[in-house]
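These are my notebook entries on a sheet, a helix packed on it, and a few single residues. I set down what I looked up, entry by entry.

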Amino acid sequence: MADTFDINELHWLLDIVQSIDVGVVVLDRDYNVEVWNSFMENHSGVSAEQASRHSLFELFPEIDQSWFTHKVETAVMLGTRAFTIWEQRPNLVHFKSYQPITGLADEMYQNVTILPLRSATGKTDHVCLIIYDVTGVAVNKRQLESANTKLQELALRDGLTGLLNRRYWESCLEREFARHQRYDNPVSLVIFDIDHFKRVNDTYGHQTGDEVIRSVAEITSRLARETDFAGRYGGEEFVVLLPGTHLEGAAQFAERLRQAVEQQVLDYQGSPLSYTISLGVATISDDMANYQILLERADKALYASKEQGRNRVTLAPQA
């Protein structure tokens, strides 16, 4: 009776292994397959008969053999389970993802358990791999992380223009000023605003005024380098911080920006609408106690441009 029960129990276990929705692979100590359940058959397209006695690395050449064998041998030596998670390594084997997650994952994300198997004599002569499909969890987490990143990005940017908002831009200026004090690298600032912007709003309406602001912001973004910090300082006023740039280089950038805006023409109800900007440029010097002084000098240069007729670049005098 006992023998019959044991045989039935073995059949039940085999049925469970075949029916559960995880991959089960048993390897001998030469990494040849001895057990290959239906999950593995369905996702690999390789039957248990075809996989039997074949090397796991032959069946899945994408496995990093050196990394995997080190992981397995350590587990065998310690006699404990080992794990791999999708966040560290997206998958062990390349299976297509068939989960209906709007096509956000072409391949299955996997967690894997490596389980040393001891024989009746206490010798570890087999290793079991349990492969879990965690694509749904992984994609949901990635979507959440992406959404959080976008929210953080939005919190740093001006809603109308997409440029850095004033608060974040000033923190960038403060950081670059501290870096200059430590490393003595050049840093310059261009500050500018749209000439006669109130007249634009009064004549053409606030919606057109917003279009002008967006247009200036787009030109600024296009001309600025990836290492520059372009921001909307308030209303129609803009700032571009230029790390690693001397006054001469900043003046050249400002002039290119001025010309590009001057050449821009918007369509207003079938009529051309053009506009200009006035700019002030300053660079950090050793006599500046804080970054506010750099802002003040650039701002004074901006107002000098306005007093001299607008649509021009004025450089702050260097100490």
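Entry 1, the sheet. I took two strands as paired if DSSP finds at least two bridges between them. The model is predicted. On that criterion I found an open sheet of five strands in the order β2-β1-β5-β4-β3, with antiparallel pairing. I noted β2 (33-36) and β3 (82-84) at the edges; each has a single partner strand, so one side of each is left without a neighbour in the sheet. From one strand to the next, the twist averages 20 degrees.

Entry 2, one pair within the sheet. I looked up β1 (residues 23-28) and β5 (residues 124-133), which pair in the antiparallel sense over six bridges. I also recorded that Val 26 stands opposite Cys 128 in β5.

Entry 3, the helix on the sheet. I found that helix α5 (residues 65-78) packs on the sheet and touches β3, β4 (110-118) and β5. The direction of α5 makes about 45 degrees with that of β4.

Entry 4, Thr 208. I located Thr 208 in helix α9 (residues 206-223). Is Thr 208 buried or exposed? Its relative accessibility is 13%, and the cut-off for buried is under 20%, so I entered Thr 208 as buried. Apart from neighbours within four places in sequence, I listed Tyr 268 and Leu 273 as the residues in contact with Thr 208.

Entry 5, Gly 235. I placed Gly 235 in the loop between β7 (229-234) and β8 (237-243). With a relative accessible area of 39%, Gly 235 is partly exposed. I then checked Gly 235 against Gly 270: they are 35 residues apart in sequence and 26 Å apart in space, C-alpha to C-alpha.

Note on methods. Residues are numbered from 1 along each chain as its sequence is written. This is a predicted model: local features need pLDDT of at least 70, side-chain atom pairs count only at pLDDT 80 or more; totals for chains, interfaces and linings use all residues. Side-chain values use heavy atoms; hydrogens and water are left out. Buried means under 20% relative accessible area, exposed over 50%, partly exposed in between (1.4 Å probe, protein chains only). Contact means heavy atoms within 4.5 Å. Axes are lines fitted to C-alpha atoms, for helices over the stretch in contact, and angles run from 0 to 180 degrees between N-to-C directions.
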